[in-house]
Amino acid sequence: MSAGTNTRNGPATARTTESARLRALDDYDVLSGERIPDLDTITELAAAVCDVPTSVINVITADRQVQIAAVGVEPSACRRDDAMCSVTIVHPDPVVVSDASADPRFADNPFVTGVIATVRFYASTQLRNPAGHVLGTLCVFDDRVRTLTPAQRHRLDQLAALVVDVLELRRRGQELQRMVAQRERTLGELTRTRDELQRSNKALHDFAGIVAHDLRNPLASIVGTAALLAEEIDAHTDASLAGGIHQVQRSADRMRHVIDDLLTYASVGGRPHFGDIDLARVAADVVEDLTTMLSEARAEIRIGDLPTLAADPTHIRLLLQNLLSNAVKFRHPDRPCQISIEAATTPGAWLIHLADNGIGIPADARDKVLQPFVRLRPHVEGTGIGLATCAEVVRSHHGELHITETPGGGTTVTVKIPRLTPAA
């Protein structure tokens, strides 16, 4: 009988079974030469229980038999075709041979004929893993003819099961070690990412401070000087010079807005300070702050029932202010500007809807406009930071921001903020 062949189900089934067995053997990683002390102990017990001088634990690869533990001999390896266990590996029941030289299965084997050894007594039982794959054998042998009692055969089976338990425990321990190592690597990467984000945020805040110091003060001087010049020019009724000065004032004012927007975007990068805020009160304050803009646009504002929620009041104020400003800036020229602020609740979050009837945002650009400095309509005044600031506010609250089309035309921004916000 050749090793690993099962004629009952045909050659294809035999190859599939052998392939699965070899993969299972690889999972146990026992061929590296690493000594496994518990297996040495089991071989000693097997030899003692069976009253023989030699006991080995074999695993059978595609072409070799490898002894991974032994007592009475030094662990070694041989060709699979030469191994006595290449025969018994296909027998589900233990094999016990009193005199191998008289057994036709083993009489010509080099372990029996004296080429490798002069085995006479031989007993072997399979090492079968929980999935049913035979990894190898636990076998005992002697150069004298002998036999085993039923109790000894039973104990040999129990020790074979114990071998598999040791290998399974070792495999699971190695898996756990790999998982722990992977977790440590992941934690290390997360730590490096966190440190880089902290460094980046600090750099952004430092940049904001530089902007405040190095740009705002000179800009204020430019604005003040331009105002004085405008008064003088107006007094002399020089229309040409007056136009130039007013252009300087408008340019300086635009630059001031850019700087303010940059500073606002940078400030949102810090951790929010959560507290219970009355969203209706915040919305009313924002509408009051934007009175001039809303009046000039003749905007109609409708505020629904808004909840009290746990959030950073400054951040939420910036959120509503930017959304309202955008709704006014991008109003439709052919219809009155209408804006509504509504809220809804879900079991785990608040939903804030700000809808307008303006010119809308194309579907393929709704993610892009949440990035800094993206301007779909350059002719409309702005820096392209407003919606990016809104997105940053929502991220800092562990929420979500979605842009959809208002029924009938326009833009609806939905902000989802979790009810249970992680501790700041």
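Let's start at a single residue: aspartate 29 is partly exposed, with a relative accessible area of 38%. That label follows because the value falls between the 20% that bounds buried residues and the 50% beyond which a residue counts as exposed. The model you are looking at is a predicted one. Aspartate 29 sits in the loop that joins α1 (10-28) to α2 (37-50), and its phi is near 50°, a positive value although the residue is not glycine. As background, most residues other than glycine have a negative phi.

Now follow the chain to histidine 398, which also has a positive phi without being glycine, this time near 60°. Histidine 398 belongs to the loop between α10 and β12. Its relative accessibility is 48%, so histidine 398 counts as partly exposed.

That loop brings us to a sheet worth tracing on your screen. Which order do the strands of this open sheet take? Reading across, the five strands run β8-β10-β11-β13-β12, and their pairing is mixed. The edges are held by β8 (300-303) and β12 (400-405); each has a single partner strand, so one side of each is left without a neighbour in the sheet. On average, neighbouring strands here are turned by 15° against each other, with direction ignored.

Helix α10 (residues 386-396) packs on this sheet and touches both β12 and β13. The direction of α10 makes about 135° with that of β12. As for the two strands themselves, β12 pairs with β13 (residues 411-418) in the antiparallel sense, over six bridges. To find your place in that pairing, look for threonine 404, which stands opposite threonine 412 in β13.

Next, consider the cysteines. How many disulfides does the structure hold? The count is zero. Two cysteines you may like to inspect are cysteine 50, which is buried with a relative accessible area of 1%, and cysteine 390, buried as well at 0%.

Finally, zoom out to the whole chain. Its secondary structure comes to 10 helices and 13 strands. Of the 424 residues in the chain, 41% are buried. Among contacts with a separation of 6 or more, 63% are made by residues 24 or more positions apart. The chain has an accessible surface of about 23500 Å², and carbon and sulfur atoms account for 54% of it.

Technical notes: Residues are numbered from 1 along each chain as its sequence is written. This is a predicted model: local features need pLDDT of at least 70, side-chain atom pairs count only at pLDDT 80 or more; totals for chains, interfaces and linings use all residues. Side-chain values use heavy atoms; hydrogens and water are left out. A disulfide is a pair of cysteine sulfur atoms within 2.5 Å. Buried means under 20% relative accessible area, exposed over 50%, partly exposed in between (1.4 Å probe, protein chains only). Two strands pair if DSSP finds at least two bridges between them. Helices (H or I, at least four residues) and strands (E, at least two) are DSSP runs, numbered from the N terminus. Axes are lines fitted to C-alpha atoms, for helices over the stretch in contact, and angles run from 0 to 180 degrees between N-to-C directions. Contact means heavy atoms within 4.5 Å. Accessible areas come from the Shrake-Rupley method with a 1.4 Å probe; for residues, only the protein chains shown count as cover.
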